[in-house]
Amino acid sequence: MEKTLNKKSKYINTDGYKIEDKFQDLDDKIKVEMLKKMYQIRHFENETEQFIIRGAIHGTCHLYVGEEATAVGAIYAIRRDDYITSTHRGHGHCISKGADLSMMMAELLGKRTGYCKGKGGSMHIADIDAGNLGANGVVGGGLGIATGAALTCKLKENSKIVLCFFGDGAANRGIFHETVNIASIWDLPVIYLCENNVYGMSMPTKEAFNIKKISDRKVSYGIDGLTIDGNNLIEVFNTVSYFASRCRDGEGPVLIESLTYRWKGHSKSDAQVYRSKEEVKSWMKKDPILQYRRALIQDGVLTEKEDKDLEKEVIGQLKEATAFAKESPFPDKSEVEDDVYA
Amino acid sequence: MREITYLEAIREAMAQMMRKNSDIYLIGEDIAQYGGAFGVTVGMLAEFGKERIRNTPISEAAIVGVGIGSAVTGMRPIAEIMFSDFMTISMEQIVNQAAKIRYMFGGKVKVPLVIRTAGGGGTGAAAQHSQSLQGLVVHIPGLKVVMPSCPYDAKGLLIASINDDNPVIFIEHKLLYKNKKYIEHVPQKMYEVPLGSADIKRKGTDISMVATSFMVKKSLEVAQILAEEENIECEVVDLRTLRPLDIDTVLGSVKKTGRLVCVEEACSFGGFMGEVVSQVVEKGFDYLDAPVVRVAGRNCPVPYSLVLEQEMIPGVERIKKGVLDVLRKA
């Protein structure tokens with residue numbers, strides 16, 4: 001694992017694709033910023049979990065802990081003005097796309113200052129101005145929106161692309177088939193990024209699929225694709241960079257499967273009877289943050305001390321965000337029927 | 001004065017709007033060379049090209065899903081679902097996505113999407129190609145539901161729907177499309193019939209008949225017969241849009257006549273006219289001089305055999321009986 005992260009060759013050959021190591025060319029500042037985003041996600045989710053334990057969150061939340069490399073690596077590989085669609089486990093995508101932590105936390109607490117004025121909660125945070133077309137409470141709910149946004153990009157010739165996150169569960173919904181096929185026949189600029197975190201709620205992927213890799217489904221649609229290590233930020237970044245430029249050049253959609261693992265339960269009510277503690281521990285050893293931090297320190301991008309300071313800074317940001325959320329007012333009852341129609 | 005069909009009015013509305021606004025495009029099954037299952041889009045491919053007349057595979061969920069995604073990012077799609085029965089395949093997109101994302105996102109997004117579809121029976125197409133499913137969508141906050149009954153309204157309502165920044169379900173009726181009996185003058189220029197405005201299609205003083213779509217035509221037929229045979233003057237109110245609902249026009253009519261019969265093609269149980277009756281009772285109980293009657297589809301799937309189909313869907317005889325029942329109870 002560490003070997004791959006520090007590989008200095010020009011190309012990373014994966015499944016026959018000559019994927020350039022674009023990560024190496026990045027400014028150190030950006031490399032550190034990505035680490036900071038991973039910390040923000042981890043600590044945001046930790047704070048959220050504390051709120052859940054204390055009963056401060058009215059609804060449910062789906063935590064992204066353990067999957068940080070996929071969101072950060074993929075979103076940093078596209079342009080800031082490109083679009084993303086997210087999932088019910090969307091906090092990581094949202095933070096990577098630049099969302100404000102305070103407004104996110106306020107939304108989780110159902111406050112008027114939240115991203116959706118308290119009307120959406122954890123599963124519906126969107127930041128349209130930042131190109132985030134929204135988390136989605138329905139498994140596979142973002143696939144249609146992403147494909148349609150990609151059609152806009154094509155019709156308006158604005159050179160933007162769409163990065164569509166969805167889970168292994170969504171790959172078995174009908175909308176996956178319909179949209180990926182349409183994107184293929186129309187050569188739409190969309191990257192379908194399947195986060196295979198091993199379970200669809202409690203259903204293990206090995207029981208939900210009879211194929212070795214979800215990316216094998218690319219054959220059905222006549223598109224390119226591959227499976228990558230979703231806990232390796234550099235691999236995610238390089239792969240998505242490679243396909244993003246192909247998408248932008250009009251070469252059509254692609255299906256990337258990012259292998260990762262959900263450390264926490266499906267939602268706040270999950271007793272996790274379907275998996276062993278040993279299994280969870282074995283994946284925690286592949287901690288994406290630990291791997292990336294180690295790689296940056298080994299490469300001399302930042303020192304141990306700078307790393308500690310960075311994490312401290314993030315913890316401070318989260319304190320501010322939670323304080324803001326707690327102090328914010330709830331929506332007024334009179335707002336209940338606002339925003340139904342434009 | 002030129003007179004055109006309902007189908008031609010719909011096509012003209014789309015074509016005129018597309019000439020004006022390059023963000024508008026059509027998406028649906030067999031809408032390009034074939035011209036749509038009912039011929040609504042015939043000739044549009046030649047004028048607008050395949051980028052804007054987008055033929056899709058048989059993928060109703062994707063048709064609506066793609067429509068939503070492009071609508072929230074700056075386009076104004078018009079999606080065609082061949083038969084309203086197939087809305088059920090795209091229902092996740094319509095109910096959970098299109099209708100809700102504006103609200104869920106705290107009002108930060110608009111979904112200017114029109115979903116055109118052909119509803120209704122009377123064509124011998126049986127249970128899966130004849131339904132009147134407006135009740136399924138009208139129940140969902142965030143959606144608007146439009147059901148024109150004539151060429152003039154079809155054009156004006158469709159233009160208003162395309163200009164609207166909300167998802168609009170625009171349900172057309174197969175029996176109205178090409179029937180020369182229903183052609184009428186439609187202005188060449190673009191005009192809007194505002195969503196949420198009912199129309200009194202025939203004035204009368206004895207009883208109010210509230211209907212939509214093809215049932216407006218049937219109600220007008222009955223009104224004519226009753227005027228000639230029984231000297232009864234029926235007022236026919238065409239709702240035109242189910243949501244937003246113009247209940248004031250209905251109440252105004254009931255206030256005048258004191259009697260109400262609601263006519264709908266959908267099954268009566270849980271049907272939309274139940275909402276109309278409820279609102280009349282809640283807001284205008286004192287206007288009523290007699291119990292209200294609903295004449296609606298029988299509570300079974302639409303059958304195939306002509307004899308059975310005519311029994312299931314309200315026809316002239318049943319509507320006439322409904323009117324006379326109200327008057328006798330008065």
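This report describes the overall build of chain A, one helix pair in it, two sheets of chain B and the contact of the two chains.

The model is predicted: local features need pLDDT of at least 70, side-chain atom pairs count only at pLDDT 80 or more, and totals for chains, interfaces and linings use all residues. Residues are numbered from 1 along each chain as its sequence is written, and chains are lettered from A and ligands numbered from 1 in the order in which they are written.

**Chain A**

Chain A has 13 helices and nine strands (DSSP runs numbered from the N terminus, H or I of at least four residues for helices and E of at least two for strands). Its radius of gyration, taken over C-alpha atoms, is 19 Å, close to the 20 Å of the globule rule for 342 residues, so chain A is as compact as a globular protein of that length. The globule rule is 2.2 Å times the number of residues to the power 0.38. Along the principal axes, the C-alpha atoms of chain A fill a box of roughly 55 × 50 × 40 Å.

Within chain A, the axes of helix α5 (residues 101-108) and helix α13 (residues 304-327) come within 8 Å and cross at roughly 45 degrees. Axes are lines fitted to C-alpha atoms, for helices over the stretch in contact, and angles run from 0 to 180 degrees between N-to-C directions. The crossing angle makes α5(A) oblique to α13(A) (under 35 degrees is roughly parallel, over 145 roughly antiparallel, 65 to 115 roughly perpendicular and the rest oblique). On the α5(A) side, Leu101(A), Ser102(A), Met105(A) and Ala106(A) take part in the contact, and their counterparts in α13(A) include Leu318(A), Ala321(A) and Phe324(A). Contact here is C-beta atoms, placed from the backbone, within 7 Å. The contact residues of α5(A) and α13(A) are seven nonpolar, three polar and one charged. Ala, Val, Leu, Ile, Met, Phe, Trp, Tyr, Cys and Pro count as nonpolar, Asp, Glu, Lys and Arg as charged, and the others, Gly among them, as polar.

**Sheets of chain B**

Two open sheets of chain B are set out below; strands pair if DSSP finds at least two bridges between them.

| Strand order (chain B) | Pairing | Edge strands | Average twist between strands |
|---|---|---|---|
| β9-β11-β10-β13-β14 | mixed | β9 (199-202), β14 (293-297) | 25 degrees |
| β3-β2-β4-β5-β7-β6-β12 | mixed | β3 (53-56), β12 (241-243) | 20 degrees |

In the five-stranded sheet, β13 (residues 260-267) and β14 of chain B pair in the parallel sense over four bridges. Cys262(B) stands opposite Arg294(B) in β14(B). Helix α10 (residues 272-284) of chain B packs on this sheet, touching β10, β13 and β14, and its direction makes about 155 degrees with that of β13(B). Helix α12 (residues 316-329) of chain B lies across β10, β11, β13 and β14, at about 165 degrees to β14(B).

In the seven-stranded sheet, β2 (residues 24-29) and β4 (residues 76-83) of chain B run parallel and are joined by five bridges. Arg76(B) in β4(B) is the bridge partner of Ile24(B).

**Contact of the chains**

The contact takes 36 residues from chain B and 35 residues from chain A. On the chain B side, α3 (60-72), α4 (91-98) and α5 (101-104) each give two or more residues; α3(B) gives the most, with 10 residues. This side has 15 nonpolar, 15 polar and six charged residues.

Definitions and conventions. Two residues are in contact if their C-beta atoms, placed from the backbone, lie within 7 Å.
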